[in-house]
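Please find below my notes on this model, set out as numbered points. They begin with one helix and its surroundings and then turn to the strands and the charged pairs.

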Amino acid sequence: MATIHFSTYNGLKFHGDSSAIAPSSISPFSAASSSSSSPSSAAAKPRLSRLRASLRRKSLTATRALPEETTLSAPPKVEVDLALALKKKAADVAPELKGTSIFLVGMKSSIKTQLAKLLAEVLRYYFFDSDALVEEAAGGEASAKLFRETDEQGFRESEAEVLKQLSSMGRLVVCAGDGAVQSSTNLGFLRHGISIWIDVPLDIVAKGLVEDLPSSQLSTSQSYSEVLAQLAALYEETRVGYATADVNVSLQKVASQYGRDDFSAVTVEDLAMEVLKEIEKLTRVKKMMQEAGRPF
């Protein structure tokens, strides 16, 4: 069984093997998935073999999300109350999850990444970024970009291999890339857990890419309007896949529910609370269905 090396987080190091993370079964919250996949191209096989070997040896690098270090200055009472409420909600939801993994899908953004890390923290799960794993297996971001441009089929097979590895484990919060919803095989892997579409308006995603992610695949020389146009085109390719998620958490809806004046006022804690509430609904429905199926 492959050894998983946990990275340093807030000064603490974690080490262990894959037995520390419970194996996952098909999620009780989703329909059964198809396991069929397209045959590999001859050109992609060497890269795919290296990816599998890398993942099995050591490349699945997880971060166990832990609370941030305590600061001397006390945070505002409202923030404390929200943090405590979030932890309480997570404590209520976690036993019903029974280790089921959570996959966050949606346009790539810092909002989705921060949300995934916070959910992992409050649920005491492990955090993974599937895109980061593909890049690591390919030899870095630049190598992954070249790989995608020269052998797109091989790159897609690498994405599928990463999702396959992750879906075989439990107690994970996975920030999934766009490739996770662009094939029936990958959508099938998501069915091993709970999939949640984090729906962030495209203009906010575009603004984040231009301002906060200068090293992303989008060129920094592009204007905001050009970036937004590219994102709109990508969204059209992926939105059908996003819509298959078990839960849809919309930034716009959360802003309305929590009485935020604008989207920028919505915090990652607001989103995390909404995600936990939706998961709680799913677990209740599951329990009701199980009870209804019991003989008198």
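1. Which residues of helix α4 (residues 130–138) are buried? The model is a predicted one, and in it the buried residues of α4 are Ser130, Leu133 and Val134. Because these residues cover an arc of only 100° around the axis, they are placed on the same side of α4.

2. The two ends of this helix deserve a look of their own. At the start of α4, a side-chain oxygen of aspartate 129 comes to within 3.0 Å of the backbone nitrogen of aspartate 131. After α4 comes glycine 139, with a positive phi near 105°.

3. Aspartate 129 also belongs to strand β5 (residues 126–129), which is covered on both faces. Tyr126 and Phe128 lie on one side of β5, Phe127 and Asp129 lie on the other, and all of these are buried. The neighbour of β5 in the parallel sense is strand β6 (residues 172–175), with four bridges between the two strands, and the bridge partner of aspartate 129 in β6 is cysteine 175. Aspartate 129 thus appears both in a bridge to β6 and in the side-chain contact at the start of α4.

4. Where is the largest cavity lined, and by which residues? The structure holds one cavity of 30 Å³ or more, and the volume of the largest cavity is about 60 Å³. The lining consists of Ser130, Asp131, Val134, Glu159, Val162, Leu163, Gly177, Asp178, Gly179 and Ala180. The elements that contribute two or more residues to this lining are α4 and α6. Ser130 and Val134, which are among the buried residues of α4, are also among the residues that line the cavity, as is Asp131, whose backbone nitrogen takes part in the contact with aspartate 129.

5. Strand β7 (residues 194–199) is mostly covered, since five of its six residues are buried. Strand β4 (residues 102–105) runs parallel to β7 and is joined to it by four bridges, with leucine 104 standing opposite isoleucine 196 in β7. β7 also pairs with β8, again in the parallel sense and over four bridges, and here aspartate 199 stands opposite serine 250 in β8.

6. The loop between α9 (224–242) and β8 (247–250) is where threonine 244 is placed. With a relative accessibility of 31%, threonine 244 counts as partly exposed. Threonine 244 and tryptophan 197 are 47 residues apart in sequence, while their C-alpha atoms are 8.6 Å apart in space.

7. How many salt bridges does the structure hold? There are ten salt bridges, and one of them is formed by the side chains of glutamate 96 and lysine 287, at 3.6 Å from N to O. This pair links distant parts of the chain, with glutamate 96 in helix α2 (residues 77–97), lysine 287 in helix α11 (residues 268–292), and the two positions 191 residues apart. Glutamate 96 is partly exposed, at a relative accessible area of 30%, and lysine 287 is likewise partly exposed, at 37%.

8. A second salt bridge for the reader to inspect joins the side chains of arginine 156 and glutamate 152, at 3.9 Å from N to O. Because arginine 156 and glutamate 152 are four residues apart in helix α6 (residues 152–167), about one helical turn separates them. Arginine 156 counts as partly exposed at 24% relative accessibility, and glutamate 152 is also partly exposed, with a relative accessible area of 47%.

9. Are the partners in the salt bridge between glutamate 280 and arginine 284 buried or exposed? Their side chains meet at 3.8 Å, N to O, and both residues lie in helix α11, four residues apart, which is about one turn of the helix. Glutamate 280, at 15% relative accessibility, counts as buried because the cut-off for that class is under 20%, whereas arginine 284, at 52%, counts as exposed because the limit there is over 50%. Salt bridges that share partners join Lys89, Glu280 and Arg284 into one network.

How values were computed
Residues are numbered from 1 along each chain as its sequence is written. This is a predicted model: local features need pLDDT of at least 70, side-chain atom pairs count only at pLDDT 80 or more; totals for chains, interfaces and linings use all residues. Side-chain values use heavy atoms; hydrogens and water are left out. A salt bridge is a side-chain nitrogen of Lys or Arg within 4 Å of a carboxyl oxygen of Asp or Glu. Buried means under 20% relative accessible area, exposed over 50%, partly exposed in between (1.4 Å probe, protein chains only). The arc is that of the directions from the helix axis to the C-beta atoms. A polar contact is a pair of N or O atoms within 3.5 Å; within protein, one must be able to donate a hydrogen and the other to accept it, and residues adjacent in sequence count only if both atoms are side-chain atoms. Two strands pair if DSSP finds at least two bridges between them. On a 1 Å grid over the protein atoms alone, a cavity is a set of points where a 1.4 Å probe fits but cannot get out, and a pocket is an open set with protein on both sides within 12 Å along at least five of seven lines; lining residues have an atom within 4 Å of a point. Grid points are joined across faces, edges and corners, and a volume is the space filled by probe spheres set on the points.
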